[in-house]
Amino acid sequence: MRFTFTGKNVVVTQDMKERAEKKIGRLAKLFPDEAMVQVTFSVVKQENKIEVSVPLNKRLLRGEVVSSDMFAAIDGVVDVLDRQIVKYKQRVKDRSRRDTNFKGELEAFNAYAGDYGDDDADDGAIVIERTKHFPAKPMDPEEAIMEMEMLGHTFFVFRNSGNLEINVVYKRRGGSYGIIDPNDPIDCE
């Protein structure tokens with residue numbers, strides 16, 4: 001594994017690098033030798049944040065943890081990555097039973113990960129607990145945002161009155177709003 005360290009609003013010390021390499025290195029057997037691990041340390045409003053990205057076959061494994069202590073965040077991100085690997089393997093295993101395209105991906109994962117995560121096989125199952133049906137009445141995005149705020153949700157699905165297509169408005173982390181228009185030709189280029 002090769003590591004790349006980046007610091008945002010923080011100087012990445014040798015101790016931080018060594019701790020991250022040691023902790024994330026425990027997962028090294030799960031990745032090819034040439035795997036590139038991107039580790040980003042940042043401090044925002046006195047909170048320490050670590051983000052780790054690792055390419056895994058055709059997928060990207062990503063973990064993010066915020067803590068008051070940078071070393072605790074490093075320990076936490078390893079746990080996050082471990083859970084994601086187990087879920088990933090279970091999903092690929094389930095999909096490979098139904099779709100032959102995923103057999104190659106499972107074989108590639110097993111080539112370097114072996115039986116990792118097989119003891120927690122049921123933890124990665126996706127369960128849909130509820131399905132909602134509702135009429136998507138035509139409205140403009142501003143009206144959809146008002147409706148979303150009244151319901152107390154962070155997103156709202158509606159039919160855009162301008163083009164009669166299904167759109168989604170959502171609340172962003174900074175308090176602003178976004179809209180998802182899957183049929184917008186400008187975004188599809």
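Which residue in the turn of the hairpin formed by E7 and E8 has a positive phi? In this predicted model, that residue is Gly 175, with a phi of about 100°. The hairpin belongs to an open sheet of four strands, and helix H4 lies across the strands of that sheet. The largest pocket draws part of its lining from H4 and from strand E6.

**Sheet architecture**

- The four strands follow the order E5-E6-E7-E8, and their pairing is mixed.
- Strand E5 (138-139) and strand E8 (177-180) each have a single partner strand, so they stand at the edges of the sheet with one side lacking a neighbour.
- Helix H4 makes an angle of about 150° with E6 and lies across E5, E6, E7 and E8.

**Pairing of E6 and E7**

- Five bridges join E6 to strand E7 (residues 166-171), and the two strands run in the antiparallel sense.
- Among the facing residues, Val 157 stands opposite Val 168 in E7.
- Phe 158 has Asn 167 of E7 as its bridge partner.
- Five residues separate the strands in the hairpin of E6 and E7, where Leu 164 adopts a positive phi near 60°.

**Pairing of E7 and E8**

- The pairing of E7 with E8 is also antiparallel, and four bridges connect these two strands.
- Val 169 has Ile 179 of E8 standing opposite.
- The hairpin of E7 and E8 has five residues between its strands, and Gly 175 lies in the turn.

**The largest pocket**

- The space in the largest pocket amounts to about 320 Å³.
- Its lining consists of 13 residues, of which Lys 132, Phe 134, Leu 151, His 153 and Phe 156 are the closest to the centre.
- Helix H4 (141-151) and strand E6 (155-160) each contribute at least two lining residues.
- E6 provides the largest share of the lining, with four residues.
- By residue class, the lining comprises nine nonpolar, one polar and three charged residues.

**Elements shared between topics**

- Strand E6 pairs with E7 in the sheet and also supplies four residues of the pocket lining.
- Helix H4 lies across the four strands E5, E6, E7 and E8 and likewise supplies at least two residues of the pocket lining.

Key:
Residues are numbered from 1 along each chain as its sequence is written. This is a predicted model: local features need pLDDT of at least 70, side-chain atom pairs count only at pLDDT 80 or more; totals for chains, interfaces and linings use all residues. Side-chain values use heavy atoms; hydrogens and water are left out. On a 1 Å grid over the protein atoms alone, a cavity is a set of points where a 1.4 Å probe fits but cannot get out, and a pocket is an open set with protein on both sides within 12 Å along at least five of seven lines; lining residues have an atom within 4 Å of a point. Grid points are joined across faces, edges and corners, and a volume is the space filled by probe spheres set on the points. Ala, Val, Leu, Ile, Met, Phe, Trp, Tyr, Cys and Pro count as nonpolar, Asp, Glu, Lys and Arg as charged, and the others, Gly among them, as polar. Two strands pair if DSSP finds at least two bridges between them. Contact means heavy atoms within 4.5 Å. Axes are lines fitted to C-alpha atoms, for helices over the stretch in contact, and angles run from 0 to 180 degrees between N-to-C directions.
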